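Student: I'm new to this one. Could you take me through a single part of it, the sheet, and show me how its strands are laid out?

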Amino acid sequence: MRLRATKWDIRQKVWDYIEANNLAHFPRPVHNRIPNFKGAHCACAAVADLESFHRTSEVKVDPDKPLEGARLAVLQARKTLLVPTPRLRAGLFNRIVPPQGASKEDLHVCSTSQGVKDFSVPVGLEAKVRVDLVVVGSVAVSEKGYRIGKGEGYADMEYAMMVSMEAISSATVVVTVVHDCQVVDIPEELIEKHDLTVDYILTPTRVIQTECKWPKPQGIIWTKLNADMLERIPVLQKLRALEQKSGKDVSLGRADLRGEVVRPGGGRTDAGVDDRAVNTLHLGGVPAGLRVSELKRSLQERGALPQRLIWQGANGRAFLDYGDHEKAQAALTALQALSINGHNMQVAFARGQRSRRRPGVPQRTGKVTESQTPNWSLKRS
């Protein structure tokens, strides 16, 4: 049986090709990055030729190194340049404000990563921002407009947050800038409703109008978030409060399934935790950037899809709840030597691992305690 390609398969293929053919500048290697490909400045320059660029006054450009030329084009056109804050830790946007009477060289400095830090002014949620054009980095993109980032989901989240802020509309144009080799076939079934698609692809040799029909994110999908993420991204807390005040359902993923969120260090919130543990597998060694949908697909291919997948990707682990010990035992056998995108993972029972440990599986100590219990769950689809 031929297995379907995953997003990580496509990422790995693109990263490997760029490295093997020496198609990138620093930083290297390009793996787990938005590649700073050779010819990026040339490709970025084409953004100023787009009709939508001439109609726009405020442009959001991601801080990735290969988009430096796009940031420069915005500044040279004397338009408002908005750049997301690193990992959204200090808000959503910073506005880049060049020094008064800035020369061409000054603008070039402002477009660099250091310039973005030195000439930034925070933009609060109360600011009336209207973004007409969005420029994002990509690892891979298809001519149909399907996009794959490096796997952390920030571009998707930023767009959804802008929808929540009413900072963008259906007329907002999304552009990505990539090397020609990054334009690949991406199966439609890999694209989910939270994934950001693009309207234009700029490469060193082409300008591709995708005419993508896949709808862009319509806002924040709160059931895909957890309390830990809200703690790490405070602006999400503010947006959640605003949406809750307006009457929207802002239940988090764990709340939908369990009725409450379990926080690290908190007391027992579910009397069934211990009973569930004997039917649950612990999956360790989860690589950074792996998405839940990709893990689920790999589990399904091995016939080991659980009743519930409990995600702690930030801690490099996940819990697979099968609801039955015999099913969990069968899944443990099926998942031996599990490897995704070259990353080997360790699978063991979440409780009583010493007595049930399988040959070749590294032993892990301890049981699932409240401090280990994940606070984001996803039902089987």
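**A close look at the sheet**

Tutor: Let's start with one pair: strand β2 (residues 80-84) and strand β3 (residues 93-96) run antiparallel and are joined by four bridges. Here strands (E, at least two residues) and helices (H or I, at least four) are DSSP runs, numbered from the N terminus, and two strands pair if DSSP finds at least two bridges between them. Look at Leu 82, for instance: its bridge partner in β3 is Arg 95.

A word on the source: this is a predicted model, where local features need pLDDT of at least 70, side-chain atom pairs count only at pLDDT 80 or more, and totals for chains, interfaces and linings use all residues. Residues are numbered from 1 along each chain as its sequence is written, and side-chain values use heavy atoms, with hydrogens and water left out.

Now zoom out. That pair belongs to an open sheet of eight strands with mixed pairing, in the order β4-β3-β2-β1-β5-β8-β9-β10. At the edges stand β4 (120-123) and β10 (207-209); each has a single partner strand, so one side of each is left without a neighbour in the sheet. On average, neighbouring strands here are turned by 25 degrees against each other, direction ignored. Packing on the sheet is helix α4 (residues 68-76), which touches β1 (58-61), β2, β3 and β5 (133-136); contact means heavy atoms within 4.5 Å. The direction of α4 makes about 150 degrees with that of β2, using lines fitted to C-alpha atoms (for helices, over the stretch in contact) and angles from 0 to 180 degrees between N-to-C directions.
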